[in-house]
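Work through the following exercises with the sequence and the coordinates side by side, and try each task before reading its solution.

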Amino acid sequence: ENEKNLNIFYDIEYKGLDLSGNRYELKSKKATIEKEEKERVYMESVEGTFYFKDNSTLSVQSKKGIYNNNTLDMIFEEDVRANYENSKLFAEKAEYFNTKGFLIISKNVRLEDTRGNMFADKLIFDIKDKQLKIQSDKNKLINTNVKLKWKKALEY
């Protein structure tokens with residue numbers, strides 16, 4: 001690695017709007033930009049916060065990350081932790097595709113929620129439609145433990 005071709009920054013912060021009009025902030029303790037590839041910012045100790053139009057907030061933290069300051073796409077890697085409303089999510093990789101409007105969480109995905117816990121290979125959050133798709137590789141089962149509230153059925 002040639003240090004002369006790198007720009008290193010400390011305690012950086014990016015703020016902006018994604019293509020859906022949601023605000024975001026992205027912070028990093030250390031960032032490296034290669035002079036030949038200025039649109040890719042390699043980050044360490046990353047914190048991302050997404051402020052959605054419905055007033056909900058998604059926060060994501062990871063040890064490493066890559067931010068494309070051209071497309072606004074973001075990759076969070078290693079010890080990824082996310083919070084959304086009452087849910088906590090843990091994984092090894094999270095990819096935010098601004099151009100497509102969705103977030104893919106993959107590699108050892110664990111979701112903890114007041115309604116229960118779930119393990120999966122991949123979660124896909126459609127940010128525009130507020131939908132969650134759960135995928136399992138090679139037809140494996142999705143391991144989930146969900147608490148359901150049952151109401152007594154009405155009698156006729």
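The exercises below concern a predicted model, and each task is followed by a worked solution.

**Exercise 1. Placing Thr57**

Determine in which strand Thr57 lies, whether Thr57 is buried, partly exposed or exposed, and which residues Thr57 touches beyond those up to four places away in sequence.

Solution. Begin with the secondary structure: Thr57 belongs to strand S4, which covers residues 57-68. Next, take the relative accessibility, which is 33% for Thr57; because buried requires under 20% and exposed requires over 50%, Thr57 counts as partly exposed. Then list the contacts, leaving out residues up to four places away in sequence: Thr57 touches Thr49, Phe50 and Tyr51, and also Asn83, Tyr84 and Glu85. Finally, look at one of these partners, Tyr84, which is 27 residues from Thr57 in sequence, while the C-alpha atoms of the two are 6.2 Å apart in space.

**Exercise 2. Describing the largest pocket**

Establish the volume of the largest pocket, the residues nearest its centre, and the strand that gives the most to its lining.

Solution. The volume of the largest pocket comes to about 590 Å³. Its lining consists of 26 residues, and those nearest the centre are Tyr84, Ser87, Arg115, Phe125 and Leu132. Going through the strands, one finds that S5 (74-84), S6 (87-97), S7 (102-113), S8 (116-126), S9 (131-135) and S10 (143-146) each supply at least two lining residues, and that S8 gives the most, with five residues. Sorted by class, the lining holds 13 nonpolar, eight polar and five charged residues.

**Exercise 3. Characterising the aromatic pairs**

Find how many aromatic pairs the structure holds, and describe the pair of Tyr24 and Tyr67 and that of Phe50 and Tyr96.

Solution. The structure holds five aromatic pairs. In one of them, Tyr24 and Tyr67 are 6.4 Å apart from centre to centre with 55 degrees between the planes, a tilted arrangement. This pair links distant parts of the chain, since Tyr24 is in strand S2 (residues 23-34) and Tyr67 in strand S4, 43 residues apart, and both residues are buried. The pair of Phe50 and Tyr96 is likewise tilted, with centres 4.9 Å apart and 55 degrees between the planes. Phe50 lies in strand S3 (residues 37-51) and Tyr96 in strand S6, so the pair ties together parts that are 46 residues apart in sequence; Phe50 and Tyr96 are both buried. As a last step, follow the ring pairs onward, which link Tyr14, Tyr24 and Tyr67 into a cluster.

Methods: Residues numbered from 1 in each chain as written. Predicted model: local features only at pLDDT ≥ 70, side-chain atom pairs only at ≥ 80, totals over all residues. Heavy atoms only, no water. Helix = DSSP H or I, 4+ residues; strand = E, 2+ residues; numbered from the N terminus. Buried < 20%, exposed > 50% of the residue type's maximum accessible area, 1.4 Å probe, protein only. Contact = heavy atoms within 4.5 Å. 1 Å grid on protein atoms, 1.4 Å probe; cavity = no way out; pocket = protein on both sides within 12 Å on 5 of 7 lines; lining within 4 Å. Points joined across faces, edges and corners; volume = space filled by probe spheres on them. Nonpolar A, V, L, I, M, F, W, Y, C, P; charged D, E, K, R; others polar. Phe/Tyr/Trp six-rings, centres within 6.5 Å; stacked < 30°, edge-to-face > 60°.
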